[in-house]
Amino acid sequence: MQLKRPKRIRGALTMATSTLLSSVAVAQTPTRGVEVDVSGLRYAETDRVTVNKYQVQASKALPNEDVVRVGVVYDTMTGASPNGRYRLQDDTSSSSLIVTSASGHSFEVANDQDQSADLANSVWLTRFEDQRRAASLEWERAWRRNVTTIFGAVRSTENDYLSNGANATVVVDLNDKNTTVTAGAGTSFDTVDPEGGVPKELGTLVCASTQSSWAETVPDWIDCYPSSVRYKAGEKVVQNYLVGVSQVWNPRTVLQVNYSRGEYNGYLTDPYKQISAIGQIDVSDPDVGEAGVVYEKRPSYRATNSLYFKLVHVPTKDAAHFSFRYFWDSWGIHAQTLDARMHLEFTPRFYLQPHLRLSRQSAADFFVASFDHDDAKPVYASADHRLGEQVTVTAGAKLGMTFSKDLRIGIRGEYLNQKYQGHSLPDMKGVIVQFLLTSTL
Amino acid sequence: MKDTLSLVREGGLWCVRFKAMAGPCEVFVDGAGQEMAARIGQTAFDEARRIEAKFSRYRDDNIVHRINHSRGAPIEVDEETAALLDYAAECYALSEGLFDVTSGVLREVWRFDGTDNLPSPAAVERVRGRIGWDKVQWRNPVLRLPVGMEIDFGGIGKEYAVDRTALLVRSHQDSGVLVNYGGDLYALGPRCDGWAWEVGVDDPQKTGKGSVGKLALRQGAVATSGDARRFLVKDGVRYGHILDPRTGWPVKDAPRSVTVTASSCMEAGILATLGMLHGSEAEAFLEAQEVPHWVVRGS
């Protein structure tokens with residue numbers, strides 16, 4: 001029985017209550033159903049490759065609050081892609097240039113802008129038709145309050161390519177979730193097995209026949225009686241690592257820095273890429289011709305590094321994303337990419353995201369456009385334009401619509417233009433159109 | 001429990017009703033269309049059910065079950081549970097032991113069924129050994145509960161659900177909503193026309209049929225602690241169901257009910273419970289807190 005005057009505890013109680021109610025972040029009601037994301041994408045390069053990609057991903061929160069995600073991707077790629085060889089406009093000796101490339105058919109496509117016998121005008125394109133199917137599984141768990149682990153596995157198959165991989169990531173939140181540290185590692189085992197196996201690297205595909213006057217222009221090191229030694233399949237092991245930090249700078253700005261490293265070991269050559277040996281019969285004769293064709297050869301090791309910076313600024317309901325990536329690898333390639341995206345909310349139901357991306361890449365050390373008669377045998381060589389010097393500009397926008405909390409739709413369109421330097425490949429222009437749908441079932 | 005929400009239009013308001021936390025729950029929405037009222041109702045339903053699933057001691061798949069079956073081993077709890085335990089610790093200290101989340105085990109000896117089955121003093125003493133927040137080792141985020149002890153959030157669960165629901169509903173609409181979970185209420189702003197919500201304070205003598213007062217609620221919470229339906233009577237003495245954790249026995253001369261208004265439902269609920277626990281001193285205690293209150297005493 002209290003005889004003394006009761007203490008006034010109300011002030012302290014009010015404070016304790018507001019601490020409780022403000023400290024617990026607005027909890028995410030666990031998805032009662034399955035969240036499904038569906039996407040259809042069409043990528044078309046003018047006169048080149050067309051890709052149709054369909055993707056479905058489903059994620060579900062389990063009763064213990066783990067999240068499981070299952071994804072399936074189906075791609076079809078058709079069209080023609082430069083295979084590294086040159087085709088000369090006036091070349092009539094096509095009989096000595098029979099081509100059966102490792103993957104199927106070859107045919108020539110001339111750039112119809114310029115009809116002169118300039119090397120710059122034509123490239124050999126390899127036509128292909130490929131389908132890729134991939135399935136992925138991911139399991140995410142929050143262990144303690146601020147540590148989350150994600151384990152994933154991916155399997156991907158194409159007509160001649162198989163990849164199996166697994167990865168693990170740890171995400172730690174510090175400083176009241178103002179700082180997030182991420183570390184991850186992954187590994188994959190890939191096999192490429194074209195019809196008949198992968199060709200002998202720097203082995204000869206074809207040579208000017210000894211009857212032809214071009215025969216003298218073949219570089220000495222090219223073996224004109226190609227041995228059809230083929231290996232079974234090309235295998236490689238890939239390991240990648242990622243370390244990153246994301247920091248809330250102020251209530252409207254987040255910064256992020258990531259470093260990732262890749263280590264590739266094994267067969268890294270592209271079995272479908274070739275290099276032309278160009279000959280000139282007479283120095284005074286401007287005509288040049290293809291004297292021989294060899295398969296490319298890349299090193300059996302590659303280390304890639306990427307440093308990535310990102311800034312997200314949300315002044316109002318709109319947001320601006322800026323990122324810069326610096327890439328360098330053991331093949332001598334350096335690349336820089338600048339990306340800017342704005343998220344503009346017109347109404348709570350509609351948003352528009354204009355996007356601009358600029359990218360520049362330098363060539364790999366062993367990149368060559370073609371060989372001359374005087375060239376010595378290289379250790380490594382590739383004429384694959386993807387390893388060459390290039391500048392790419394991409395511009396586009398995405399429009400998003402929210403129909404209800406259970407249904408969101410997006411449409412994206414992008415235009416890209418890729419120019420090659422130190423290489424006679426004409427500019428590549430492409431268009432991407434993508435349709436996205438997110439729904440909770 | 002029925003897993004459905006009902007949404008009806010009554011008296012110029014949208015009224016959402018569902019069952020949660022062993023009782024009727026209502027959310028009144030003024031000045032909104034049907035779609036918005038349904039969204040608000042769904043938010044309330046999801047949150048009430050979530051809290052019930054997470055903190056109910058009747059389930060075997062939640063943190064409370066894990067804690068109460070930890071057999072003395074340390075348990076690391078999530079952020080929300082940790083915040084509630086911090087709050088429980090603070091209230092234990094502020095109330096000098098009157099508010100104690102470990103006192104739930106008293107239900108093993110006390111059954112308030114209107115009969116005269118009082119437990120023996122020996123039985124109560126045995127259970128008392130298993131009560132006392134001071135025996136608990138709590139250091140955020142690790143909890144160590146001695147064997148035989150239990151944590152029961154029943155005394156604050158409903159009020160917490162009301163406050164959490166109000167917090168989530170606020171992002172849809174910040175005025176014209178009244179959340180009522182079995183008599184624990186929160187008003188997010190007055191009704192559309194500026195009028196306050198009219199809340200009747202139940203007369204425990206005539207539950208559901210009469211009120212001892214009306215209060216006009218524009219913003220804030222109302223909570224009631226009472227023994228209207230649960231009591232024991234022996235030798236003409238009425239034993240209310242509010243037990244003093246320090247003695248293990250019902251509080252002497254407890255009021256029939258105490259109603260308090262405050263800026264949050266949890267605060268109102270704790271003050272109402274503490275009011276009851278002060279027995280004959282209920283009015284003095286509540287006046288010292290300088291908070292609007294109604295104390296109803298029976299004969």
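**Exercise 1. Characterise the salt bridge between Glu35(B) and Arg39(B) in this predicted model.**

Solution. The side chains of Glu35(B) and Arg39(B) form a salt bridge with an N to O distance of 2.3 Å. The next step is to place the pair in the secondary structure: both residues belong to helix H1 (residues 34-55) of chain B, four residues apart, or about one turn of the helix. The last step concerns accessibility. Glu35(B) has a relative accessible area of 52% and is exposed, because the class exposed begins over 50%. Arg39(B), at 38%, is partly exposed.

**Exercise 2. Which parts of chain B does the salt bridge between Glu47(B) and Arg164(B) tie together?**

Solution. Begin with the contact itself: the closest N and O atoms of Glu47(B) and Arg164(B) are 2.9 Å apart. Glu47(B) lies in helix H1 of chain B, whereas Arg164(B) lies in helix H5 (residues 154-169) of chain B, so the salt bridge connects parts that are 117 residues apart in sequence. Next, consider the accessibility of the partners. Glu47(B) has a relative accessible area of 1%, and Arg164(B) likewise has 1%. Each residue is therefore buried, since the cut-off is under 20%. Finally, extend the view to shared partners: Glu47(B), Arg50(B), Lys54(B), Asp78(B), Glu80(B) and Arg164(B) are joined by salt bridges into one network.

**Exercise 3. Locate the partners of the salt bridge between Asp339(A) and Arg357(A), and classify their accessibility.**

Solution. The N to O distance in this salt bridge is 3.9 Å, which satisfies the criterion of within 4 Å. Asp339(A) is found in strand E18 (residues 334-347) of chain A and Arg357(A) in strand E19 (residues 350-361) of chain A; the pair links distant parts of the chain, 18 residues apart. With a relative accessible area of 15%, Asp339(A) is buried. Arg357(A), at 32%, is partly exposed. For the overall tally, the model contains 36 salt bridges over all chains.

**Exercise 4. Describe the surroundings of strand E15 (residues 289-295) of chain A.**

Solution. First, assess coverage: seven of the seven residues of E15(A) are buried, and the strand is mostly covered. Second, identify its pairings. Strand E10 (residues 204-207) of chain A pairs with E15(A) in the antiparallel sense over three bridges; here Val206(A) has Val293(A) as its bridge partner. Strand E14 (residues 274-279) of chain A also pairs with E15(A) in the antiparallel sense, over six bridges. Within E15(A), Tyr295(A) stands opposite Gln274(A).

How values were computed
Residues are numbered from 1 along each chain as its sequence is written. Chains are lettered from A and ligands numbered from 1 in the order in which they are written. This is a predicted model: local features need pLDDT of at least 70, side-chain atom pairs count only at pLDDT 80 or more; totals for chains, interfaces and linings use all residues. Side-chain values use heavy atoms; hydrogens and water are left out. Buried means under 20% relative accessible area, exposed over 50%, partly exposed in between (1.4 Å probe, protein chains only). Helices (H or I, at least four residues) and strands (E, at least two) are DSSP runs, numbered from the N terminus. Two strands pair if DSSP finds at least two bridges between them.
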